[in-house]
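Here is a friendly tour of a protein and its ligand. Have the sequence and the 3D view open as you read.

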Amino acid sequence: MTTPALSWLLGGDLPIHRLGYGAMRLCAQPGNFGPYPDWEGGKRLLRRAVELGINFIDTAHPYGPGWNEELIGEALAPYPTGVIVTTKGGVEKTGPGEVFADGSPASLRRFCEGSLQRLKLDCLPLYQLHRPDPQVPFAKSVGALAALKSEGKIRHAGLSNVTLAQVEEARTIVPIASVQNRYNLQEHGDDAVVDYCAQHNIAYLPWGPLAAKPFAPEAPLAQGSGVLAQVASELGATAGQVALAWLLHRSPNIILIPGTTSIAHLEENVAAAKIQLSDAQFATLSSAQG
Ligand SMILES: NC(=O)c1ccc[n+]([C@@H]2O[C@H](COP(=O)([O-])OP(=O)(O)OC[C@H]3O[C@@H](n4cnc5c(N)ncnc54)[C@H](OP(=O)(O)O)[C@@H]3O)[C@@H](O)[C@H]2O)c1
């Protein structure tokens, strides 16, 4: 299932597979801190993702920090035509539980340059402000993305963990290509941002699509119960696949980035793109889980 409407993200006419991959979990645990212990296995998983047709892979500087980008660069560069890796800057991590925003223009420039090097790229296809920094005026952080774009270090600017007002403000400074906020079948708090992005042809990348908490291995929506389990059994699918299919049905500008460390789960998640929910199933799921 591809989305021609968002093909401009790839810089051309190539369609994006709406089922992408979030690489965050390919780090040491706890806290996504340190290199992924099964380094060669991580590379195999990333290559399998591309073989399965995934061409949108999400990472960020603080995953590792740096190690996740390093792994992706080693596994996939030079990137096959039409495959993009999107990354983020604006968060620093100094230990498994020590994470803080750092959105000053100087830091964003430094993070961006590090990401370019680790991902083995001359230009980042999509660079997202990881989260607004309460110590830095939001317009200054977004202005830093605009400067990186005008210098050709990034092709598109995106945002993460932002409000609708912040998306609107950012768009007065630089075109915004994507928004990445937490959103899934159980957590609909960001409905207005999803709809605003759809209206303005901005990609929406829901993080935690299976409702996993950032540093916990459990994915509640992959377990499934009640209506979710019932719809899954009607469709001969798993609960996780139905939760992903619900997001794809929710809005055409949504690109999914579920995370996994398992090739079997990766294959199962990609197959969710083939599941077609009826409008009735979509409505039942929305009201039961919302
Ligand atoms: N912008 C932000 O602030 C932010 C924050 C968090 C995450 N993210 C991005 O969003 C991506 C996805 O988020 P996430 O990884 O936290 O949450 P998620 O995609 O909701 O869930 C990932 C968890 O689900 C499990 N899982 C995946 N597929 C499964 C399946 N088919 N069956 C059973 N379990 C399955 C994984 O375990 P296994 O490894 O065992 O499969 C993993 O523990 C991240 O990779 C990252 O790129 C962004």
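## Where the ligand sits

A molecule counts as sitting in a pocket if more than half of its atoms lie within 2 Å of the pocket's grid points. In this predicted model, the space taken by the ligand is the largest pocket. That pocket holds about 1000 Å³ of space. Its lining is made of 44 residues, and the closest to its centre are Met 24, Arg 25, Ala 212, Lys 213 and Pro 214.

Which elements each supply at least two residues of that lining? They are β6 (91-95), α7 (220-223) and α10 (263-271). The largest share comes from α10, with 3 residues. Sorted by class, the lining of the largest pocket has 19 nonpolar, 16 polar and 9 charged residues.

## The shell around the ligand

Now turn to the ligand itself. It is surrounded by 28 residues, and the closest are Asp 58, Leu 210, Thr 260, Thr 261 and His 265. Helix α10 comes up again here, as the largest share of this shell, 3 residues, belongs to it. By class, the shell around the ligand divides into 13 nonpolar, 11 polar and 4 charged residues.

## Polar contacts to look for

If you want to pick out contacts on screen, start with Asp 58, one of the closest residues to the ligand. A polar side-chain atom of Asp 58 lies 2.8 Å from an oxygen atom of the ligand. At Gly 208 the contact runs through the backbone: a polar backbone atom of this residue is 3.4 Å from a ligand oxygen atom. Glu 268 offers a polar side-chain atom that lies 3.3 Å from a nitrogen atom of the ligand.

How much of the ligand does the protein bury? Taken alone, the ligand exposes 900 Å², and the protein buries 91% of that.

## Backbone details in the loops

Three loop residues are worth a look at the backbone. Pro 30 is placed in the loop between β3 (21-22) and α1 (39-51). The peptide bond that leads into Pro 30 from Gln 29 is cis, with omega near 5°. Pro 78 is found in the loop between α2 (67-76) and β5 (84-89). Here too the peptide bond is cis: from Ala 77 to Pro 78, omega is near -5°.

Asn 161 belongs to the loop between β9 (154-160) and α5 (164-171). Is its phi positive or negative? Phi of Asn 161 is near 55°, a positive value in a residue other than glycine.

Conventions: Residues are numbered from 1 along each chain as its sequence is written. This is a predicted model: local features need pLDDT of at least 70, side-chain atom pairs count only at pLDDT 80 or more; totals for chains, interfaces and linings use all residues. Side-chain values use heavy atoms; hydrogens and water are left out. On a 1 Å grid over the protein atoms alone, a cavity is a set of points where a 1.4 Å probe fits but cannot get out, and a pocket is an open set with protein on both sides within 12 Å along at least five of seven lines; lining residues have an atom within 4 Å of a point. Grid points are joined across faces, edges and corners, and a volume is the space filled by probe spheres set on the points. Helices (H or I, at least four residues) and strands (E, at least two) are DSSP runs, numbered from the N terminus. Ala, Val, Leu, Ile, Met, Phe, Trp, Tyr, Cys and Pro count as nonpolar, Asp, Glu, Lys and Arg as charged, and the others, Gly among them, as polar. A residue is near a molecule or strand if one of its heavy atoms lies within 4 Å of it. A polar contact is a pair of N or O atoms within 3.5 Å; within protein, one must be able to donate a hydrogen and the other to accept it, and residues adjacent in sequence count only if both atoms are side-chain atoms. Accessible areas come from the Shrake-Rupley method with a 1.4 Å probe; for residues, only the protein chains shown count as cover.
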